[in-house]
Amino acid sequence: MNFKQLEAFLAFMATGSTIAAAQRLGASQPAVSRLLSQFESDLGLPLFVRRKGRLLPSNEAAALLPDVRNMLLDAESLQRHVGQLRRGGVRRSLLRVLLPGSVAQCVMPSVVEPFLNDHGGVALEMQVGNSEAGEAAVLGREADLALVRSPTQHAGLQTILRLDTDAVCIMPAGHALEALQQVEPGDLIGVDMVLLGRQRALRQQVDQVLRQGRTVPRIRAEAHTMELACRLVACGVGVSIVNGLYARLCHGPEIACRPFVPRIGCSLDVITLASQPRHPLVLELSRRIVNAMSRLAGSEAFVAVEP
């Protein structure tokens with residue numbers, strides 16, 4: 001094995017074709033095919049299945065993918081360390097975090113500087129992604145912690161903090177629903193709505209509650225992120241039902257927020273990998289993120305529990 005073979009294998013597994021892998025690596029397609037063939041030969045395993053002119057990964061290839069990814073991450077860490085030593089620097093401990101966009105943009109700016117000031121030997125790598133990306137990043141050791149929807153979908157993950165909140169109804173400021181103390185399904189009859197994408201768990205819960213309330217929503221738009229839903233509401237497109245914590249983090253003076261009943265509970269987990277010792281500062285950083293959320297969203301927006 002060599003480093004270029006590992007890179008070619010990872011690029012192929014990520015893109016699904018030798019052409020796309022070559023584009024990602026800045027190499028030619030024949031060169032990538034040659035590296036994959038050499039990798040397969042050197043390992044003595046059937047990594048690829050050739051079907052109708054296409055190269056497809058075998059079960060063995062899928063099984064090796066996490067190990068290859070970890071080897072490349074370790075190699076990148078070694079390269080960073082070497083670069084720091086050449087410059088006369090001191091190696092920093094890298095702490096990798098994956099958060100939803102609203103949390104990363106609204107919360108982390110107030111967390112990063114004081115955290116790094118208190119821990120001069122640490123560098124932070126911050127990634128943005130949804131719950132599926134968060135779980136995959138932690139399982140693949142690409143993130144030390146992630147904030148994801150609860151319950152998690154994969155074994156091997158450990159919850160170190162849980163945030164419990166409720167869904168709320170958000171509306172443009174001055175909307176007729178703002179006069180209500182709380183919003184019920186019947187109040188939404190004939191009201192323009194912005195709903196989350198159909199594959200989102202919260203959207204499925206909202207659809208069920210509206211059906212039970214015999215309310216047919218008048219959907220003007222669907223948004224596949226909470227941030228976009230909030231922005232569309234702020235622009236006056238319609239009202240929406242979203243995670244209460246994210247709503248309070250995202251909304252400004254152009255959005256009003258009211259409790260939605262019947263209650264739809266929304267829980268979030270701060271997760272790490274269960275099978276290995278976690279970075280010693282993971283729990284401290286998680287608590288700082290949660291405390292910053294509380295300051296920005298209000299202490300009533302959620303309840304934090306350490307399992």
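## Reading the labels

Helices here are DSSP runs of H or I with at least four residues, strands are runs of E with at least two, and both are numbered from the N terminus. With that in hand, take Thr215: you will find Thr215 in the loop between helix 8 and strand 8. One thing to keep in mind throughout is that this is a predicted model.

## The chain as a whole

Let's start with the big picture. The protein chain has 307 residues, and 43% of them are buried. Its secondary structure adds up to 11 helices and 12 strands. If you draw a box around the C-alpha atoms along the principal axes, that box is roughly 70 × 55 × 35 Å.

How do the contacts run along the sequence? Take the contacts between residues at least 6 apart in sequence: 74% of these join residues at least 24 apart. As for the outside, the chain has an accessible surface of about 15700 Å², and carbon and sulfur atoms account for 51% of that.

## Two cavities

How many cavities of 30 Å³ or more does the whole structure hold? The search turns up two. The largest cavity contains about 90 Å³ of space. Around this largest cavity sit Arg96, Val138, Arg141, Ala143, Asp144, Thr272, Leu273, Gln276, Pro277, Arg278 and His279. That lining is a mixed crowd, with four nonpolar, three polar and four charged residues.

The second largest cavity has about 40 Å³ of volume. Its lining consists of Leu99, Leu145, Ala146, Leu147, Val270, Ser286 and Ile289. Sorted by type, the residues lining the second largest cavity are six nonpolar and one polar, with no charged ones. Two elements, strand 5 (145-149) and helix 11 (282-297), each give at least two residues to this lining. Strand 5 makes the largest contribution, at three residues.

## Salt bridges across the chain

Side chains of opposite charge can pair when their charged atoms come close. In this structure, the search finds 14 salt bridges. One of them joins the side chains of Arg218 and Asp192, 2.8 Å from N to O. Arg218 belongs to strand 8 (residues 218-223) and Asp192 to strand 7 (residues 192-196), so this pair ties together parts of the chain that are 26 residues apart in sequence. Both partners are partly exposed: Arg218 has a relative accessible area of 44%, and Asp192 has one of 25%.

Another salt bridge brings together the side chains of Arg198 and Glu222, at 3.1 Å from N to O. This pair also links distant parts of the chain, 24 residues apart, with Arg198 in the loop between strand 7 and helix 8 (201-212) and Glu222 in strand 8. Is Arg198 buried or exposed? Arg198 is exposed, at 52% relative accessible area, while Glu222 is partly exposed at 29%.

Next comes a bridge between the side chains of Arg287 and Glu306, 2.9 Å from N to O. Arg287 sits in helix 11 and Glu306 in the segment after strand 12 (303-305), so the pair ties together parts that lie 19 residues apart in sequence. Arg287 is partly exposed, with a relative accessible area of 36%, and Glu306 is partly exposed too, at 42%. Some bridges also share partners, and in this way Arg198, Arg203, Asp207 and Glu222 form one network.

## Two residues up close

Back to Thr215, in its loop between helix 8 and strand 8. Why does Thr215 count as buried? Its relative accessible area is 5%, and buried means under 20%, so Thr215 falls in the buried group. Which residues does Thr215 touch, leaving aside its neighbours within four places in sequence? Those contacts are Pro185, Gly186, Leu188, Ile189 and Leu210.

Now look at Ile19, which is part of helix 2 (residues 18-25). Its relative accessible area is 54%, and exposed means over 50%, so Ile19 counts as exposed. From Ile19 to Leu36 is 17 residues in sequence, and their C-alpha atoms are 12 Å apart in space.

Definitions and conventions. Residues numbered from 1 in each chain as written. Predicted model: local features only at pLDDT ≥ 70, side-chain atom pairs only at ≥ 80, totals over all residues. Heavy atoms only, no water. 1 Å grid on protein atoms, 1.4 Å probe; cavity = no way out; pocket = protein on both sides within 12 Å on 5 of 7 lines; lining within 4 Å. Points joined across faces, edges and corners; volume = space filled by probe spheres on them. Nonpolar A, V, L, I, M, F, W, Y, C, P; charged D, E, K, R; others polar. Buried < 20%, exposed > 50% of the residue type's maximum accessible area, 1.4 Å probe, protein only. Contact = heavy atoms within 4.5 Å. Areas by Shrake-Rupley, 256 points an atom, 1.4 Å probe, with all protein chains shown as cover. Salt bridge = Lys/Arg side-chain N within 4 Å of Asp/Glu carboxyl O.
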